[in-house]
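These are my notebook entries on one protein chain. I set out to look up how its helices are covered, how they meet, and where aromatic rings pair.

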Amino acid sequence: MTESVLTRKNVSVKLKITVKMSVSAVIIALAVGLPQLVHVVAGAQGGAQWLPMYLPVLLGGCLLGWQWGLGIGIVSPLLSFGITSLAGNAMPVAVKLPYMIAELAVFGAVSGVFSKRIAENSWMAFPAVLSAAVGGRTLFMTVAAVFQSVSPLSAADAWSQVQTGLVGLVLQATLVPIIVMILSFAINKEKRANND
């Protein structure tokens with residue numbers, strides 16, 4: 001979506017990268033900060049239920065494309081872990097970090113695959129988010145099942161976490177497309193104003 005706006009404005013490659021890096025930085029900051037807020041308000045169980053880091057990652061993929069979404073999905077949990085470890089309360093916990101990196105990478109990349117279609121029709125954010133959620137959660141359960149003999153996270157634990165997070169996924173499947181549609185409306189309104 002961002003790519004189409006920047007291309008329409010005929011900006012240089014350097015400026016495109018600068019804009020995408022800036023948007024990515026804001027989204028990563030949100031992905032690190034939002035879980036902290038949810039954990040303060042709703043506790044650790046609130047994080048497992050609402051999946052606050054997933055929302056910014058999905059948004060990043062929808063807005064920036066699959067490569068940037070993939071990067072945001074990888075960097076967000078790593079940065080969160082690094083910052084919160086310094087404070088003495090690592091989030092996500094070290095055991096879950098590899099799983100979250102893999103899962104959020106899929107969330108960002110899959111939602112990003114739809115970015116060009118979202119630029120043409122903002123309603124495409126709905127299948128983007130649903131496809132990303134199915135792909136990411138499936139990978140999470142698969143990796144847990146494959147590595148359960150060497151990891152403290154079993155396939156049953158992963159399935160329980162998926163069930164707990166259904167509320168958050170439903171919320172994100174609604175919120176992310178609405179945010180994308182609002183941004184698309186604002187962009188298209190500016191486009192119409194410039195054409196008049």
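**Entry 1: a covered helix.** I began with helix H3 and listed its buried residues: Tyr 54, Leu 55, Pro 56, Val 57, Leu 58, Leu 59, Gly 60, Gly 61, Cys 62, Leu 63 and Leu 64. I noted that the model is a predicted one. Helix H3 spans residues 54–64, and eleven of its eleven residues are buried, so I recorded the helix as mostly covered. I then looked at what comes after the helix. H3 is followed by Gly 65, and the phi of Gly 65 is positive, near 100°.

**Entry 2: two helices in contact.** I next looked up how helix H4 (residues 66–86) packs with helix H5 (residues 97–113). Their angle is about 155° and their axes lie 7 Å apart. Because angles over 145 degrees count as roughly antiparallel, I entered H4 as roughly antiparallel to H5. The crossing of H4 past H5 is right-handed.

I then asked which residues of H4 meet H5. On the H4 side I found Trp 66, Gly 69, Leu 70, Gly 73, Ile 74, Pro 77, Leu 78 and Phe 81. On the H5 side they meet Leu 97, Met 100, Ile 101, Leu 104, Ala 105, Gly 108, Ala 109, Gly 112 and Val 113. By class, I recorded 13 nonpolar, four polar and no charged residues in this contact. I added a reminder on spacing: an α-helix has 3.6 residues a turn, so residues three or four places apart point the same way.

**Entry 3: aromatic pairs.** How many aromatic pairs does a search of the whole structure find? The search finds three, and I followed up two of them.

One pair is Tyr 54 with Phe 107. Their ring centres are 5.0 Å apart and their planes stand at 80°, so I classed the pair as edge-to-face. The pair links distant parts of the chain, with Tyr 54 in helix H3 and Phe 107 in helix H5, 53 residues apart. Tyr 54 counts as buried because its relative accessibility is 4%. Phe 107 counts as buried as well, at 0% relative accessibility.

Another pair is Tyr 99 with Phe 140. Here the ring centres are 6.1 Å apart and the planes are at 85°, so this pair is also edge-to-face. Tyr 99 belongs to helix H5 and Phe 140 to helix H7 (residues 125–147), and the pair links distant parts of the chain, 41 residues apart. I closed the entry by checking burial: both Tyr 99 and Phe 140 are buried.

How values were computed:
Residues are numbered from 1 along each chain as its sequence is written. This is a predicted model: local features need pLDDT of at least 70, side-chain atom pairs count only at pLDDT 80 or more; totals for chains, interfaces and linings use all residues. Side-chain values use heavy atoms; hydrogens and water are left out. Axes are lines fitted to C-alpha atoms, for helices over the stretch in contact, and angles run from 0 to 180 degrees between N-to-C directions. Helices (H or I, at least four residues) and strands (E, at least two) are DSSP runs, numbered from the N terminus. Angles under 35 degrees count as roughly parallel, over 145 as roughly antiparallel, 65 to 115 as roughly perpendicular and the rest as oblique. A crossing is left-handed if the near helix is turned anticlockwise from the far one by less than a right angle, and right-handed if clockwise. Contact means heavy atoms within 4.5 Å. Ala, Val, Leu, Ile, Met, Phe, Trp, Tyr, Cys and Pro count as nonpolar, Asp, Glu, Lys and Arg as charged, and the others, Gly among them, as polar. Buried means under 20% relative accessible area, exposed over 50%, partly exposed in between (1.4 Å probe, protein chains only). Rings of Phe, Tyr and Trp (its six-membered ring) pair if their centres lie within 6.5 Å; planes under 30 degrees apart count as stacked, over 60 as edge-to-face and the rest as tilted.
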